[in-house]
2 protein chains.
Amino acid sequence: MTIQTLPTSARDVRELIRTDQWRGITSGVAPGHVQANLAILPKELAFDFLLFCQRNPKPCPLLEVIEAGSVEPKITAPGADIRTDVPAYRIYENGVFTGETESLVDHWRDDLVSFLLGCSFSFETAMVEAGIPLRHQDLGSNVAMYITNIATTPAGVFSGPMVVSMRPVKREQVVRAVQVTTRFPATHGAPIHIGSPEAIGIQDLDKPDFGDRVDVLPDEEPVFWACGVTPQAVALNCKPPLMFAHGPGKMFITDHKDVDYAVL
Amino acid sequence: MTIQTLPTSARDVRELIRTDQWRGITSGVAPGHVQANLAILPKELAFDFLLFCQRNPKPCPLLEVIEAGSVEPKITAPGADIRTDVPAYRIYENGVFTGETESLVDHWRDDLVSFLLGCSFSFETAMVEAGIPLRHQDLGSNVAMYITNIATTPAGVFSGPMVVSMRPVKREQVVRAVQVTTRFPATHGAPIHIGSPEAIGIQDLDKPDFGDRVDVLPDEEPVFWACGVTPQAVALNCKPPLMFAHGPGKMFITDHKDVDYAVL
């Protein structure tokens, strides 16, 4: 099923996923709806992880926390089931990737807490609408991501460097890019850095740690945003006995609209 | 010691408090510095309370959480001691007010978690700077506060109605009041309601639930903001075995500046 033939309602898309009729990459799906990164951890780590997100809102913009004993995102998608409504899940045991699954029903435990975190799709839509092209989208590739030398603020067992995504922006559009993304603090918001990659510990733009490299043209600056891979990397850093996350590019689609999260 | 003779540095004011040389109301003290409401709860309630704040950012804008075993606000006031640097503390046992104290040192337990929450002083400064007068400040009284029929989003054991503060604003300045307070989401931000008190369950503006009544003149609208009394009221609602809070009007003064919290 192509994106063109998918329903535009978030609820209907989740229904297709839950009933095994569609399991694609969610970029561009149910346009205008906020999509979420997913991290699921045992309850004994939940306070520390919640505090980590509170202390690091740019890489970890919390949209919703589903408490232990519940599987329903009551705030962002009432009626949904976090165990079945994401196209693919990754399983990590003691910090090691041990497999992918299409349903968490058989893996579920009543002590698991689910964290839904804002993702960059919202501000990317705002950039494109503002006439700022996104090279990775035009190429159909993943955004380039880098581990920086910027430390996150630790909380309990969680600590580690910030991961950023990079998008090349024409010099004359850099100010506009700052303005339009500033409106969306719940989905990473304003850039954390513009220009010189070395200043934030990135030695070679051509070798991203995650995602795909893109050209940065002579009339462009590399612009860096805090990235939703940070909480996942930081969580795995402490080798939790069990953790689930969404499959790459396969986000949870909420009922909330991007516009509802704009600060101005 | 009057405000005029107090030092302008937050650190120096905290030193005066800690050494018992000054214990006044902190409104207008160390101008430009962010001040914080304080709620201290046992660790077993900390996850639920943190989640409550995450779900209700307008009444409960978290500035910092000091984990169990620590008394230092490392992020907002490194070197300070949360047990001694507030002019007065209130003690609640099983949800009942049982006394006030000038130091928590003798009351401290290693399982206590401290929550610092943004207060309205920051956006009030912004309003005054924008030429919007504040009647309660001009009268030297407390702002009028009301319990509404707006439910907060519950989290674990915490739930209850939102408390709001009301400031009368001249009709031609209402839009400007929305704009200047919108810039400060970390300190309650934009109003939650303008005009008709009945629409949010307030029967009589002349009978505030907390603070002092003020006149609302014929050319003014009552404008309502989410209030930092909400988290305290909600916390007491569940009758925690032990809870400490700041004395009324006697906030914790951080090293951070109001301007650093402006979103734009």
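This is a short dialogue on reading a predicted model with two chains, A and B.

Visitor: What should I know about the model and its numbering?
Guide: The model is predicted: local features need pLDDT of at least 70, side-chain atom pairs count only at pLDDT 80 or more, and totals for chains, interfaces and linings use all residues. Residues are numbered from 1 along each chain as its sequence is written, while chains are lettered from A and ligands numbered from 1 in the order in which they are written.

Visitor: Which rotation and shift superpose chain B on chain A?
Guide: Two copies of a chain are related by a rotation about an axis and a shift along it. Here the rotation is 180° and the shift along its axis is 0.0 Å, with RMSD 0.0 Å. That is the relation of a two-fold axis. The fit is by least squares on C-alpha atoms of residues with pLDDT of at least 70 in both copies.

Visitor: Which residue of chain B comes closest to the rotation axis?
Guide: Phe47(B), with its C-alpha at 2.6 Å. The two copies use the same surface: 100% of the contact residues of chain B recur in chain A. Contact means C-beta atoms, placed from the backbone, within 7 Å.

Visitor: How many residues does each chain give to the contact?
Guide: Chain B gives 15 residues and chain A gives 15 residues. On the side of chain B, helix H2 (46-55) and strand S2 (62-66) are the elements that give two or more. H2(B) has the largest share, five residues. By class, this side of chain B has 10 nonpolar, four polar and one charged residues. Ala, Val, Leu, Ile, Met, Phe, Trp, Tyr, Cys and Pro count as nonpolar; Asp, Glu, Lys and Arg as charged; the others, Gly among them, as polar. Helices (H or I, at least four residues) and strands (E, at least two) are DSSP runs, numbered from the N terminus.

Visitor: At what angle do H3(A) and H5(A) cross?
Guide: Axes are lines fitted to C-alpha atoms, for helices over the stretch in contact; angles run from 0 to 180 degrees between N-to-C directions. The axes of H3(A) (121-129) and H5(A) (174-182) come within 9 Å and cross at roughly 135°. That makes H3(A) oblique to H5(A). Under 35 degrees counts as roughly parallel, over 145 as roughly antiparallel, 65 to 115 as roughly perpendicular, and the rest as oblique.

Visitor: Which residues meet there?
Guide: Phe123(A), Ala126(A) and Met127(A) in H3(A) meet Ala177(A), Val180(A) and Thr181(A) in H5(A). Five are nonpolar, one is polar and none is charged.

Visitor: Which strands pair with S3(B)?
Guide: Two strands pair if DSSP finds at least two bridges between them. S3(B) (89-93) runs antiparallel to S4(B) (96-101), joined by five bridges. Ile91(B) has Gly99(B) as its bridge partner in S4(B). S3(B) and S4(B) form a hairpin with two residues between them, and Asn94(B) in the turn has a positive phi of about 50°. S3(B) also pairs with S10(B) (242-246), antiparallel over five bridges. There, Tyr92(B) is partnered by Met243(B).

Visitor: What is the strand order in the open sheet?
Guide: The order in chain B is S6-S7-S9-S8, with antiparallel pairing. S6 (144-151) and S8 (193-194) of chain B stand at the edges, each with a single partner strand, so one side of each is left without a neighbour in the sheet. Helix H5(B) (174-182) packs on the sheet, touching S7, S8 and S9 (220-226) of chain B; its direction makes about 15° with that of S9(B). Helix H6(B) (229-237) lies across S6, S7 and S9 of chain B, at about 160° to S7(B).
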